[in-house]
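This document introduces a protein structure to a reader who has not met it before. Please view the sequence and the model together while reading.

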Amino acid sequence: MAGIAFGRFDDSFSFGSIKAYLAEFISTLLFVFAGVGSAIAYAVTFGLAIGGQITILTGIFYWIAQLLGSIVACFLLKFVTGGLAIPIHSVAAGVGAAEGVVTEIIITFALVYTVYATAADPKKGPLGTIAPIAIGFIVGANILAAGPFSGGSMNPARSFGPAVVSGDFSGNWIYWVGPLVGGGLAGAIYGYVFLPSEHVPLATDF
């Protein structure tokens, strides 16, 4: 079991780490611009940090890159569409904020737990070969299940970019609280209960 670690600035600013941050920025930009969002990024980063798989400091720089990628993508999307409004995440009519938060907690927990089970766990065995398929499947299933109710965000960065560009932050807190609680719970439970004590955390350029 790997404990939570703050990390060192020399590690977080290594060449490999900087390349990883740039990759996060570009991938988030592309996914958000394409309209599918980057559901993997922010909540999974938080879950991995809580579970001790990456350092808190490295996680912070990942989050900054992801937020910037989402914002830039939404500005580009608004530009290429001639100034059309960028839709924001919001709960459906008749669905309260509390229900939205709980929905986001559940689906983000499922996502981060799947990432741990198929990608981060050294005992994953053959499951590691299907990690991309399993993660993609749970993302798609979560969106189908939760989309009509909470929007199926699973990622604060995915919801933050549209809110910044549109200037509408109404209900945006739902997409911070829900995914971070869900991702953090999954990281804590899997990282501290199911991972072996001798497990080595993931590299900072994960």
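The paragraphs below move from the overall fold to the annotated spans, and then to three individual residues and a surface patch.

The structure is a predicted model. Its secondary structure consists of eight helices, with zero strands. Followed along the sequence, the pattern is therefore α-α-α-α-α-α-α-α, as helices and strands are taken from DSSP runs numbered from the N terminus. The protein has 206 residues, of which 45% count as buried. Among contacts with a separation of 6 or more, 81% are made by residues 24 or more positions apart. The protein exposes about 9,500 Å², and carbon and sulfur atoms supply 77% of that area.

An unreviewed UniProt entry adds an annotation to this picture. According to that record, "transmembrane region" covers residues 20-48, 60-80, 92-115, 127-149 and 173-195. Two of these spans can be described from the model. Residues 60-80 are 100% helix and 0% strand, and the C-alpha atoms at the ends of this span lie 30 Å apart. Residues 92-115 are 79% helix and 0% strand, with end C-alpha atoms 28 Å apart.

Helix H4, which comprises residues 56-80, contains Ser-70. Is Ser-70 buried or exposed? Its relative accessible area is 0%, and because buried means under 20%, Ser-70 counts as buried. Apart from neighbours within four places in sequence, Ser-70 is in contact with Thr-28, Val-32, Ala-157, Arg-158, Gly-161 and Pro-162.

Attention now turns to a loop. Helix H6 (131-146) and helix H7 (156-166) are joined by a loop in which Met-154 is found. The phi angle of Met-154 is near 65°, a positive value in a residue other than glycine. Met-154 has a relative accessible area of 0%, so this loop residue is buried.

The final stop is on the surface. Which residues form a nonpolar patch there? The patch is made up of Ile-4, Trp-173, Val-177, Val-181, Leu-185, Ile-189, Tyr-192, Val-193 and Phe-194, and together these residues have about 780 Å² of accessible area. Phe-194 belongs to helix H8, which spans residues 174-194. The relative accessible area of Phe-194 is 40%; this lies between the limits of 20% and 50%, so Phe-194 is classed as partly exposed. Phe-194 thus contrasts with Ser-70, which is buried at 0%.

How values were computed
Residues are numbered from 1 along each chain as its sequence is written. This is a predicted model: local features need pLDDT of at least 70, side-chain atom pairs count only at pLDDT 80 or more; totals for chains, interfaces and linings use all residues. Side-chain values use heavy atoms; hydrogens and water are left out. Helices (H or I, at least four residues) and strands (E, at least two) are DSSP runs, numbered from the N terminus. Buried means under 20% relative accessible area, exposed over 50%, partly exposed in between (1.4 Å probe, protein chains only). Contact means heavy atoms within 4.5 Å. Accessible areas come from the Shrake-Rupley method with a 1.4 Å probe; for residues, only the protein chains shown count as cover. Patches are made of residues with over 30% relative accessible area and no salt bridge: like charges are joined within 9 Å, nonpolar side chains (Val, Leu, Ile, Met, Phe, Trp, Tyr) within 5 Å. A salt bridge is a side-chain nitrogen of Lys or Arg within 4 Å of a carboxyl oxygen of Asp or Glu. UniProt positions are given in the numbering used here, feature names are shortened, and annotations may be inferred rather than shown by experiment.
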